[in-house]
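Q: Please take a close look at one part of this predicted model: the largest nonpolar core. What is in it, and what lies apart from it?

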Amino acid sequence: MAVQSGDTIKIHYQGRLIDGTTFDSSAGRSPLEFTVGSGQVIKGFDDGVQGMSVGDKKTIDIPFLHAYGPEDPSMIIEFPVERLPADLKPEIGMQLNMNNAEGQQFPVVITDITDENIILNANHPLAGKDLIFDLELVEILD
């Protein structure tokens with residue numbers, strides 16, 4: 001039986017960047033369970049599992065447009081240093097949470113610091129990156 005849209009599956013995976021850096025893996029954890037075609041995972045992952053059978057292993061390449069999309073320049077935010085909490089010592093690479101106008105929190109990463117501002121990137125950390133996944137189909141659930 002081969003995976004098709006609408007199937008709920010369990011799959012082990014390792015996600016890597018082009019340079020070989022692992023960004024996520026199910027190793028040492030339960031396999032990822034999701035319904036194929038439901039939008040629970042990125043499009044390239046959804047497409048990549050279709051046609052697999054239990055026990056199959058394969059590697060898929062997902063271009064950024066089928067992963068987390070391109071980096072959006074409007075998601076780069078200049079934030080005045082004087083508006084930071086007094087006890088916060090900003091460092092490049094530090095992750096912070098901000099609130100939008102509706103009060104919802106979203107993560108940002110400090111990418112630059114000037115005398116007046118910190119530059120924050122609110123893009124998904126994998127935006128603009130091509131991804132590679134090593135997959136092993138564990139189960140197709142009824």
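A: The largest nonpolar core has 21 residues. Six of them touch the most other members: Ile-9, Ile-11, Phe-45, Val-49, Phe-133 and Leu-135. Four elements each give two or more residues to this core. They are β1 (8–17), α1 (43–49), β4 (57–62) and β9. The largest share, 5 residues, comes from β9.

In soluble globular proteins, nonpolar side chains tend to be buried together.

Start with Leu-135. This residue sits in strand β9, which spans residues 131–141. Its relative accessibility is 4%, so Leu-135 counts as buried; the cut-off for buried is under 20%. Its contacts, leaving aside neighbours within four places in sequence, take in several stretches of the chain. Leu-135 is in contact with Ile-11, His-12 and Tyr-13, among others. Its list also includes Phe-45, Gly-48, Val-49 and Met-52. Asp-56, Lys-57, Lys-58 and Ile-60 are on the list too. Leu-65 gives a distance for scale. The C-alpha atoms of Leu-135 and Leu-65 are 20 Å apart, with their positions 70 residues apart in sequence.

Now Val-49. With neighbours within four places in sequence again left aside, Val-49 is in contact with Leu-135. Its other contacts are Val-3, Ile-9, Ile-11, Phe-34 and Val-36. Ile-11 therefore appears on both lists: it is in contact with Leu-135 and with Val-49, contact being heavy atoms within 4.5 Å.

Apart from this core lies another, of 9 residues. Among them are Val-108, Ile-110, Ile-118 and Ala-122.

Ile-118 leads to strand β8. This strand runs over residues 117–121 and is mostly covered, with 5 of its 5 residues buried. Asn-117, Ile-119 and Asn-121 point one way from β8. Ile-118 and Leu-120 point the other way. Residues on both sides are buried.

β8 has two strand partners to consider. One is β5 (residues 76–80), which pairs with β8 in the antiparallel sense over 5 bridges. Here Glu-78 has Ile-119 as its bridge partner in β8. The other is β7 (residues 105–113), which pairs with β8 in the antiparallel sense over 4 bridges. Ile-113 stands opposite Ile-118 in β8. β7 and β8 also form a hairpin, with 3 residues between them.

Conventions. Residues numbered from 1 in each chain as written. Predicted model: local features only at pLDDT ≥ 70, side-chain atom pairs only at ≥ 80, totals over all residues. Heavy atoms only, no water. Buried < 20%, exposed > 50% of the residue type's maximum accessible area, 1.4 Å probe, protein only. Core = buried A, V, L, I, M, F, W, Y, C linked by side-chain atoms within 4.5 Å. Pairing = 2+ DSSP bridges.
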